[in-house]
Amino acid sequence: MNDLRIPEKKFRSELEGVRAVAALLVAIYHIWLGTVSGGVDVFFIVSGFLITTSLLARMEREGRIRYFEYVIGLGRRLFPLAFIVLFFSAIFSYLFLSHLQWRQVISEIFASAFYFQNWKLATDAVDYLAQNNEASPLQHFWALSIQGQFYVTWPLVIFIAFIIARKLFKTPFRKTLLVILTTLFIASISYSVYITSTNQPWAYFDTFARVWEFSLGGILAILIPYLKLNKMVSIIIGWLGLSIIALTGILLPVSTVFPGFAALLPTSGVMMIIIAAENHSKLGVKNLLGSKPFKYFGSISYGFYLWHWPLLIFYFAYFKVDTVSIRDGIIILLVTFILSIVSTKIFEAPIRKLSVREEKKKLVTVLLVFMVPVLAINSLWSVYIDQMEELKRAQFDIIDYPGARVIWENILPAEDIEPIAAPLDSESLLPTFYADDCYIKMNDSGVKVCSYGETENPDFTIALVGGSHSGHWFPALEQFAEELKIQIDVYNKDGCRFSTTDFNGLLSETCIEWNELVIEPLQENPPDLIFTTATVANGATVPEGYAEMWRKFEGITNIFAIRDTPRMGEDIPLCVELNGEEECNVDRSEVLAEEIPWDNTVGLPNNVYFADMSDYFCDEDTCYSVIGNVLVYRDSHHISTLYSMTLAEPLKAHIERALGLKE
């Protein structure tokens, strides 16, 4: 035989049931367990199996794939429900979510609409500056984005295999495709294992770390005619496969170990079910999964997956809770089920009846009707936010937002003023050096240095060295840099600390490498002060890794070590907006050690000036979320830009003493 056996073309009713189970598991795990089930991996291998089967049939029947018709057919199946959910998610996000989340939602709607949401989430997952993003109603579109990328690229894989087989090597088409898919599987799973071990948050959303799941489905589609087992074995592996799918989320911490080798567990469960269905019996799992209720649920599982997550997020936002009761969870599932039925019947079913070949223009027009309103409302929403911020800028008065000046100058703030986190004429909540790309990202290597303040003829140079907890003092330094003729050299690395140790594996390899690299320029061209953090969170002592690093500069330059800011435990801007500032304050004893850390540490070098600014965050009993009508934090532990600016005068007094300008 010159080619592999061609399987019998048939409807795989058990796969409808598998989809139903996967969609229900995803929802249940999200609603009650607050974790993930591995259900999306089930969707991936099922998609790989079905699309490979379909495209193979087309190539063998016609010798080509009508790509435009194929893409239109995909849009016919995917777009109606997806864009309906995106449309309503935008509306309800405006109504129920904090305005602090609006820009995040807008960006994720665009990312979801154009099927790159997984890459956006991957970037956010490893971007230290984006890690405090709240859960949005669109995050589940990451899996649909990966599937969409698979759908539009898989025909190319099939076509390349066809050309190689028929035109180049004159080899059997299916055998050639099997070799290509096996190669893709090996390459992808090898990469997946590597990237999962080195950068799991990125790997989870990485398309290339997931290709092997689709490839595995394609391999199974080719080999299925050869995988018939006797009935007893089929019965056993079928039910075992279903059990594996159902229990994966319990057996494994999916969100922290997938994709890698661990994702072989749910995908193997799907394979067992498909193989078992080739020789099913009355006791086999196919009788359950292929039954009318499961087939019906499978037919609306796409809508079910789409609706469940935004409903859950809006439930959390509306009721201001972070858990779901049994009763309310059941209600969410019932509403999801009803919306899935209604949206499938009203929007998807009629459009799927349109012929791709005979009604192309009509079908394209209909699909645009779904897309355009979503893109339009999202664009108008973005314009509205810009206009709203422009209006606030026109009304901004620094007198109304004294921040730390109420403590330094002992004045009373204006009453009935809505607190803000940044001056409204700034483009970002972050210190300006971030906008200048003057920092090393969390997983990047190397050293960057940028200079600010008095750079032409400085009397002093301060090197601001460390991660974001050093960097959030930059706006304060910038306020008086030119007055004191100070040049500020920024050496910043995300998620890093100026230390010789990795804090028991907390700091990345690139951070340790950065610390080694940054020593040389600081020693060769020493500044007058190295400004860095002296402690971590509410630590009662100075970390030895800090002290050891400071010793490297004894006799070369001095260290300005500032106590770390209190860490509040939750996103302060969001908390204040939802609950009011009083609810967001915390007891000082919970977030700050009672004793001064350097007074409690022995063997510290003599070249260090210690500064404690804690009294500008807390009084004797309480650490505050809002001071002087200014949000103290931009998230749960980073000083907001405006509050940092208002800390200029008390920080200036410390800097002057450290430089010997004042006693």
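A residue counts as buried when its relative accessible area is under 20%, and as exposed when that area is over 50%. These terms are applied here to a predicted model. Asn-629 has a relative accessibility of 10% and therefore counts as buried. This residue sits in the loop between strand 9 and strand 10. Its backbone has a positive phi of about 65°, although Asn-629 is not a glycine.

A second asparagine, Asn-410, also has a positive phi without being a glycine, here of about 55°. Asn-410 belongs to the loop that runs between helix 17 (405-408) and helix 18 (432-435). With a relative accessibility of 70%, Asn-410 counts as exposed, because the limit for that class is over 50%. Another loop, between helix 10 (254-257) and helix 11 (264-277), contains Pro-259. The peptide bond that leads from Phe-258 into Pro-259 is cis, and its omega is near 5°.

The strands on either side of Asn-629 also take part in the surroundings of helix 23. Helix 23 spans residues 572-579, and its buried residues are Ile-572, Pro-573, Leu-574, Cys-575 and Val-576. Strand 9 (626-627) and strand 10 (630-631) are included in what covers these buried residues. At the start of helix 23, Asp-571 places a side-chain oxygen within 3.0 Å of the backbone nitrogen of Leu-574. Leu-574 is thus named twice, as one of the buried residues and as the partner of Asp-571. Just after the helix comes Gly-580, with a positive phi of about 90°.

Ser-644 is part of helix 25, which covers residues 641-646. The relative accessible area of Ser-644 is 0%, so this residue is buried. Leaving aside residues up to four places away in sequence, Ser-644 touches His-472, Trp-473, Pro-475, Ala-476 and Ile-639. One of these neighbours, His-472, also takes part in a polar contact: its backbone oxygen lies 2.8 Å from a polar atom of the Ser-644 side chain.

Packing between helices is considered next. Two packed helices are described by the angle between their axes and the distance between the axes. For helix 1 (residues 13-33) and helix 15 (residues 326-352), the axes come within 10 Å and cross at roughly 150°. Since angles over 145 degrees count as roughly antiparallel, helix 1 and helix 15 are therefore placed in that class. The crossing of helix 1 with helix 15 is right-handed. On the side of helix 1, the contact is made by Ala-27, Ile-28, Ile-31 and Trp-32, and on the side of helix 15 by Ile-326, Gly-329, Ile-330, Ile-332 and Leu-333. By class, these residues comprise 8 nonpolar and 1 polar, with no charged residue.

The axes of helix 3 (residues 67-96) and helix 14 (residues 301-319) likewise come within 10 Å, but they cross at roughly 5°. Angles under 35 degrees count as roughly parallel, so helix 3 and helix 14 are described as roughly parallel to each other. Residues of helix 3 in this contact include Arg-77, Leu-78, Leu-81, Phe-88, Phe-92 and Phe-96. Helix 14 contributes residues including Tyr-302, Gly-303, Leu-306, Trp-307, Pro-310 and Phe-314. The contact of helix 3 with helix 14 has 15 nonpolar, 3 polar and 1 charged residues.

Terms used:
Residues are numbered from 1 along each chain as its sequence is written. This is a predicted model: local features need pLDDT of at least 70, side-chain atom pairs count only at pLDDT 80 or more; totals for chains, interfaces and linings use all residues. Side-chain values use heavy atoms; hydrogens and water are left out. Buried means under 20% relative accessible area, exposed over 50%, partly exposed in between (1.4 Å probe, protein chains only). Helices (H or I, at least four residues) and strands (E, at least two) are DSSP runs, numbered from the N terminus. Contact means heavy atoms within 4.5 Å. A polar contact is a pair of N or O atoms within 3.5 Å; within protein, one must be able to donate a hydrogen and the other to accept it, and residues adjacent in sequence count only if both atoms are side-chain atoms. Axes are lines fitted to C-alpha atoms, for helices over the stretch in contact, and angles run from 0 to 180 degrees between N-to-C directions. Angles under 35 degrees count as roughly parallel, over 145 as roughly antiparallel, 65 to 115 as roughly perpendicular and the rest as oblique. A crossing is left-handed if the near helix is turned anticlockwise from the far one by less than a right angle, and right-handed if clockwise. Ala, Val, Leu, Ile, Met, Phe, Trp, Tyr, Cys and Pro count as nonpolar, Asp, Glu, Lys and Arg as charged, and the others, Gly among them, as polar.
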